[in-house]
Amino acid sequence: MLFHHHGYVSTDPRVQPAAGIGLDRPAELPDEMDVLIVGTGPAGMIAAAQLAMFPDVHTRIIERRPHRLEIGQADGIQARSVETFQAFGFASEIIDEAFDLTSMAFWNPAEDDADTIVRTSLAEDDPAGVSEFPHLIVNQARILDWFAEYMKNSPTRARPDYGWAFETLEDTNDGEYPVLVTLRRTVDAQGEPLADPESGETRQVRAKYVVGADGAGSRVRKAIGHSLSGGASNHAWGVMDALAVSDFPDIRTKCAIHSSTGSILLIPREGGHLFRMYVDLGEVPADDDHKVRQTPIEEIIRRAQLILRPYTLDVKEVAWHSVYEVGHRLTSGFDNRERVAHPNVFLLGDACHTHSAKAGQGMNVSMQDGWNLGWKLGQVLSGVAPAELVPTYAEERKEIAKNLIDFDKEWSTLMAKPTSELGDPNEVADFYTKTAEFPAGFMTEYKPSILTTDATGQSLAAGFPIGKRFKSALVERSCDTNVKHLGHLHRADGRWRVYVFADAASPRSADSKVAAWAKAVEEDPHSFRNRHTPADGPQDARFDVKVVYQQKQTEFAHPDVPAVFRPTSGDLRLLDLNNIFATCQPKHGEDIFEARGISRDGAVVVVRPDHYVSGVFGLDEVERLNEFFAGVLLDAS
């Protein structure tokens, strides 16, 4: 964590100096704002947290509830999400609090007694090592708490506005704040819920952009004329968070259980005792009219006890339960581009894609929706990037949502299959192992666009696929010999990352390609750094530029390195020496050049603010690099 660059700090360094809107943020919801986010679920909160890092952008996030979420329905945190939490500064806290899911057991009917179940396999959760981060289980409410903390500590001092429900909106195409939104108050003057939520007073506010993160029944979606379409499997599941006594051997292990009487997906929860069970309630008749949703908790427990035979389950307390029917639906659009020249209303998360809960994807994919949109709105509204950046949200995320739904259809169908229809008792386990990288969140790959180059240069850094998330590796920091994961230093601050991997020449050498690259970046007034960085701001205001040399840490020092890698930082214009790295010593077991297939002639890897690789460039391609940034950023002047 970088601090003291504005002066000595003796208090919590996570609390950043207030700036911009944070200097005089209105306590009450104002009449006008830059961004209005509807819904404080994971998608909305991460978008608000990212926007909170843009001091001059006034963002408000509203929620119809009177207070924070207390019991969250989602609980699975995939490794990609933990990487994301690292960028927002709270991965270690979540890891300490959560249940670490390292394996999954598969149970099937015994060969000699179809009425009992036996464990048939135990699969490692991440056999291929796609991430150094764990797969976690933790209450969704705690994730939202940490995003709220991040917002509160940000320069804008942002906080959710509770007790406001979205009613409708109109794009007036008029003035600086063209979207007219009607809201309804859902609490009284003391903040207590109204007996009749529809009796609350209404008021109108105006915004430049509106973000609908208000769930599957999204009113924002309906207001811009979109709808969810897709199919249902006519299969129902009961879900409960329970505290129980059981002699089932894997009660603290994630399990897919198939018996002759149905199926269970068992997920241990944080705290050492709580667990979640998705219990098969069977096929739903076509004329059921959702009556299955009234299934009492006693029936869900009875079904679970039947499926677990010969083991027992004595439920002591149920913290939460529900019944749902599996459906897979995708919205007809992710924004309102059909109605306006430039989209200014967007949908996130469940408002645009719904599916089963069994793959643990709802919260995880939704957060990537929110981060994708958040930094783009922040840069556009701050005058850093052109308005053309905003429509790329829908273009990128709609395909991801479709891939998710296709995957979840296959997985949820397998989980619901009667044992008599499984061709092989290991069919579910084999599918889980074969597809592990997808639910972990690492199969997202953005196609070429203004944000993502084509495959030109890919051979220079084969281990950083263009369009996919930047996969971290170990390096040794030159100034202090600390071994760091390069990707873990990426902060959700809205800046672009430019990782320069040096050629084999010594930093002191006259023929160093890195030195020539740095000279062009420093001296050319049209270089990406000089063109897009405010002249009166710190040199690292827009770009976090880091260099990794092939030499060991003992073979050079920071005065040997070009000044572009030692930028001035903060109000005091201190030199930041934390951007210069060497390859690790053999005792650490990893040379990033070898681990990520980086050419010994060097390479430049550009990573956008949400962790995804935008392009790979040669050290002699400064002009191509400048052209790329000219397409996604505005001149600082």
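Two strands count as paired if DSSP finds at least two bridges between them. Keep that in mind for the exercises below, which all work on a predicted model.

**Exercise 1. Which residue is the bridge partner of Tyr 549 in β25, and is Tyr 549 buried or exposed?**

*Solution.*
Step 1: Place the residue. Tyr 549 sits in strand β22, which covers residues 543-549.

Step 2: Look across to β25. The partner of Tyr 549 there is Ala 582. The two strands, β22 and β25, run parallel and are joined by 3 bridges, so they clear the two-bridge bar for pairing.

Step 3: Check the accessibility. Tyr 549 comes out at 1% relative accessibility, so it counts as buried; the cut-off for buried is under 20%.

Step 4: See what surrounds it. Skipping neighbours within four places in sequence, Tyr 549 has contacts that include Pro 507, Phe 556, Phe 565, Ile 580, Ala 582 and Phe 593.

Step 5: For a sense of scale, pick Ala 114, which is 435 residues away along the chain from Tyr 549: their C-alpha atoms are 61 Å apart.

**Exercise 2. How many residues of strand β22 are buried, and which ones lie on each side?**

*Solution.*
Step 1: Count. In β22, 7 of its 7 residues are buried.

Step 2: Split them by face. One side carries Phe 543, Val 545, Val 547 and Tyr 549. The other side carries Asp 544, Lys 546 and Val 548. Both faces are covered, then, and the buried set takes in Asp 544 and Lys 546 too.

Step 3: Add the other neighbour. Strand β21 (residues 496-501) pairs with β22 in the parallel sense over 6 bridges. As one example, Phe 501 has Val 548 of β22 as its bridge partner.

**Exercise 3. Put the 7 strands of the open sheet in order; which strands stand at the edges?**

*Solution.*
Step 1: Read across the sheet: β20-β19-β25-β22-β21-β26-β27, with mixed pairing.

Step 2: Find the ends. β20 (483-485) and β27 have a single partner strand each, so one side of each has no neighbour in the sheet.

Step 3: Get the twist, which averages 30° from one strand to the next.

Step 4: Find an antiparallel pair to go with the parallel ones. β19 (residues 474-477) and β25 (residues 580-582) pair that way over 2 bridges. Here Glu 476 stands opposite Ala 582, the residue that is also the β25 partner of Tyr 549.

**Exercise 4. Ser 614 is in edge strand β27. Is Ser 614 buried or exposed, and which backbone oxygen does its side chain reach?**

*Solution.*
Step 1: Locate Ser 614 in β27, residues 613-617.

Step 2: Its relative accessibility is 0%, so Ser 614 counts as buried.

Step 3: Follow the side chain. It reaches the backbone oxygen of Leu 451 at 2.7 Å.

Step 4: List some contacts. Beyond four places in sequence, Ser 614 touches, among others, Thr 452, Ile 466, Trp 496, Val 607 and Phe 628.

**Exercise 5. Which residues touch the most other members of the largest nonpolar core, and which domains supply at least three residues each?**

*Solution.*
Step 1: Start with the residues. The core has 114 of them, and Phe 147, Leu 169, Trp 496, Val 500, Trp 517, Phe 565 and Phe 629 touch the most other members.

Step 2: Find the top contributor. Helix α7 (residues 362-381) gives the most, with 8 residues.

Step 3: Bring in the domains. At least three residues come from each of domain 1 (20-73 + 140-228 + 329-435) and domain 3 (458-631).

Step 4: Zoom in on Trp 517, whose contacts include Val 500, Phe 528, Val 545, Phe 565 and Leu 625.

Step 5: Don't miss the second, separate core: 27 residues, including Ala 242, Ile 264, Val 279 and Val 284.

**Exercise 6. Where are Arg 157 and Arg 573, and what is phi for each?**

*Solution.*
Step 1: Arg 157 is in the loop between α4 (140-153) and β8 (161-162). Its phi is positive, about 55°, though it isn't a glycine.

Step 2: Arg 573 is in the loop between β23 (568-569) and β24 (574-575), with phi near 55°.

Step 3: Compare with the surface. Arg 157, at 24% relative accessible area, is partly exposed; Arg 573, at 37%, counts as partly exposed as well.

Technical notes
Residues numbered from 1 in each chain as written. Predicted model: local features only at pLDDT ≥ 70, side-chain atom pairs only at ≥ 80, totals over all residues. Heavy atoms only, no water. Helix = DSSP H or I, 4+ residues; strand = E, 2+ residues; numbered from the N terminus. Buried < 20%, exposed > 50% of the residue type's maximum accessible area, 1.4 Å probe, protein only. Polar contact = N/O pair within 3.5 Å; in protein donor to acceptor, adjacent residues only side chain to side chain. Contact = heavy atoms within 4.5 Å. Core = buried A, V, L, I, M, F, W, Y, C linked by side-chain atoms within 4.5 Å. Domains from an automatic or database assignment. Axes fitted to C-alpha atoms, helices over the stretch in contact; angles between N-to-C directions.
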